[in-house]
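You asked for a colleague's reading of this entry. My comments are set out below as numbered points, to be read beside the coordinates.

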Number of protein chains: 2
Amino acid sequence: MEETAQTTHAGLVEKVAHYLREHIVMDHFQPGQRLPERTLAVELNVSRTPLREALKILAAEGLVVISPNRGAVVADVSAADMKEKAYVLSVLEQAAAELTCAVASDDDIAEFQALHYEMKAAFVRRDRQNYFRLNQDIHNRIVSLSGNSTLIDMHANLSRQLYRVRYLSNQRNEKWATAMEEHEAILAALEARDGKRVGYELRNHLGKTWIKYANGEAVSPGSG
Amino acid sequence: MEETAQTTHAGLVEKVAHYLREHIVMDHFQPGQRLPERTLAVELNVSRTPLREALKILAAEGLVVISPNRGAVVADVSAADMKEKAYVLSVLEQAAAELTCAVASDDDIAEFQALHYEMKAAFVRRDRQNYFRLNQDIHNRIVSLSGNSTLIDMHANLSRQLYRVRYLSNQRNEKWATAMEEHEAILAALEARDGKRVGYELRNHLGKTWIKYANGEAVSPGSG
DNA sequence: AGGTACTTTTTGGTATGCCAATCTTGCTCA
DNA sequence: TGAGCAAGATTGGCATACCAAAAAGTACCT
């Protein structure tokens with residue numbers, strides 16, 4: 001799903017959907033919170049029509065839940081849900097890695113190396129922000145090089161829903177050095193173009209995130 | 001659209017979305033065909049509003065493509081697209097199989113056996129219809145038992161988009177006996193609760209479908 | 001005769017209004 | 001006093017009207 005950055009009037013629904021998406025994944029809305037159409041509409045200075053269409057899109061993406069005649073609420077992001085999504089994400093990345101290794105050019109591998117060393121620079125600087133960004137870049141690039149647009153879209157969708165979890169996990173990860181070592185293994189497997197091994201390392205690497213997440217540091221619900 | 005014995009007006013968008021979905025996956029609309037809002041709206045006896053919302057949902061599901069200010073067209077179902085989707089489907093089923101083997105009860109395995117032998121009955125009767133139905137039942141059950149609702153939903157979505165391809169492939173499959181043998185292997189692996197092996201056999205089994213599909217037996221447009 | 005610019009028409013985008021279902025609240029009656 | 005119900009308020013569902021952008025057709029200029 002491509003976002004045309006048209007800040008004018010074309011694509012109001014996309015703008016609204018994008019806005020709501022960002023606020024939901026960044027946890028500016030509480031899970032379970034209602035999203036009343038009229039209130040939100042005036043808040044965003046749009047009418048209900050584009051807002052409703054945006055909500056339908058977000059519902060199809062799993063970010064909100066729409067009950068008939070009862071409106072939309074922010075989808076529950078329980079630890080169990082996040083575990084599920086993270087598992088599927090790791091499966092998709094594993095599959096993508098195998099494809100990517102089969103088609104990656106020397107320049108592609110070189111770019112992986114470059115990103116990896118940039119990330120390592122952020123690591124030794126204890127720069128978690130840039131580490132996080134570069135980490136995401138690498139993962140996304142592994143998927144995008146696979147060339148399977150279905151895989152790419154589904155991965156992007158899941159990745160969005162897990163954005164906040166991964167962000168928080170990155171901020172408070174005490175085993176940062178371990179994660180960095182895992183990325184060394186990923187790069188080595190990429191250099192060897194060993195798809196199976198990249199897939200295995202990726203799956204192992206991603207597994208850590210949601211296991212940590214599931215073990216107590218879940219989203220503070222606030223909704224009893 | 002026929003006014004079924006459904007309730008008064010609850011869920012018009014869902015009805016429209018369902019109607020369009022069925023017609024698209026059953027190839028009653030040509031890929032690339034435009035879906036003009038006004039024309040379709042009067043044809044379905046609804047206003048443009050619920051129709052537009054339904055189209056947004058279908059776009060999020062990948063069944064239609066909406067271009068800004070140019071409307072919705074039926075998504076292209078080229079052989080390449082189907083290959084992509086089938087590949088991801090096989091990846092998801094493989095992952096589901098591993099989970100399912102870890103949690104399946106004896107009764108679950110018994111039900112797999114029962115479905116398998118029902119399918120084998122359809123096979124020896126040369127009853128392609130029931131074979132197809134039971135085949136789908138088995139695959140869906142493998143996924144649904146995994147317990148990962150995210151995985152289940154994504155699989156269902158992809159499965160829908162591939163429905164027609166799989167149906168046609170089933171009707172004209174000359175290597176039916178081979179497919180049956182592959183299912184024997186799948187069942188054997190299930191009985192052994194060997195998740196890796198079920199996954200491998202599934203991936204191998206599903207691979208055949210889209211390879212056949214890609215080799216010339218693609219959608220023939222114009223067959224109204 | 002061909003191309004360009006302007007006008008008409010078609011079609012998608014957005015706002016708004018009305019209706020129905022749901023939730024709230026306060027009153028009545030046992 | 002509490003349960004039940006009814007009326008009002010709230011909110012979502014759908015239809016329609018209006019606006020803007022793209023497409024199509026035509027006339028005019030070169």
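The points below move from the fold of chain A to its pairing with chain B and then to the DNA.

1. Status of the model and overall fold. This is a predicted model, and the remarks that follow should be read accordingly. Chain A contains 10 helices and three strands. Their order from the N terminus is α-β-α-α-β-β-α-α-α-α-α-α-α. Of the 224 residues of chain A, 37% count as buried. Among contacts in chain A with a separation of 6 or more, 71% are between residues 24 or more positions apart.

2. The sheet. In chain A, three strands make up an open, antiparallel sheet whose order is 1-3-2. Strand 1 and strand 2 of chain A lie at its edges with a single partner strand each, so each has one side without a neighbour in the sheet. Strand 1 (residues 34-35) is joined to strand 3 by two bridges, whereas strand 2 (residues 64-67) pairs with strand 3 over four bridges. Both pairings in chain A are antiparallel.

3. Register and hairpin. Val73(A), in strand 3, is a useful reference point for the register. Arg34(A) stands opposite Val73(A), and Val73(A) is also the bridge partner of Val65(A). Strand 2 and strand 3 of chain A form a hairpin, with three residues between the two strands. In that turn, Asn69(A) has a positive phi of about 60°.

4. The two faces of strand 3. In a regular strand, side chains alternate between the two faces of the sheet. Strand 3 (residues 71-74) of chain A shows such an alternation. Ala72(A) and Val74(A) point to one face and are buried, while Gly71(A) and Val73(A) point to the other face and are not buried.

5. Helix 4. This helix of chain A covers residues 79-103, which is 25 residues. From first C-alpha to last it reaches 36 Å, close to the 36 Å expected at 1.5 Å a residue. Of the 25 residues in helix 4 of chain A, 18 are buried, so the helix is largely enclosed by the rest of the structure.

6. Symmetry of the two chains. Chain B can be superposed on chain A with an RMSD of 0.3 Å, by a turn of 180° and a shift of 0.2 Å along the axis. The two copies are thus related as by a two-fold rotation axis. Of the interface residues of chain B, 100% are also interface residues in chain A, so the copies meet through the same surface.

7. Composition of the interface. The contact draws on 22 residues from chain A and 21 residues from chain B. On the side of chain B that touches chain A, helix 3 (48-61), helix 4 (79-103) and helix 7 (149-161) of chain B each give two or more residues. By type, the residues on this side of chain B are 10 nonpolar, five polar and six charged.

8. The surface near DNA strand C. Which residues come nearest to DNA strand C? Of the 20 residues around the strand, they are Leu12(A), Ser47(A), Thr49(A), Glu37(B) and Gly71(B). Helix 1 (12-25) and helix 3 (48-60) of chain A, and helix 2 (37-43) of chain B, each supply at least two residues of this surface. Helix 3 of chain A gives the most, with three residues. The residues of the surface near DNA strand C comprise six nonpolar, nine polar and five charged.

Conventions: Residues numbered from 1 in each chain as written. Chains lettered and ligands numbered in written order. Predicted model: local features only at pLDDT ≥ 70, side-chain atom pairs only at ≥ 80, totals over all residues. Least-squares fit on C-alpha atoms with pLDDT ≥ 70 in both. Contact = placed C-beta atoms within 7 Å. Near = placed C-beta within 6 Å. Nonpolar A, V, L, I, M, F, W, Y, C, P; charged D, E, K, R; others polar. Expected span 1.5 Å × (residues − 1). Buried ≥ 20, exposed ≤ 12 C-beta atoms within 10 Å, placed from the backbone. Pairing = 2+ DSSP bridges.
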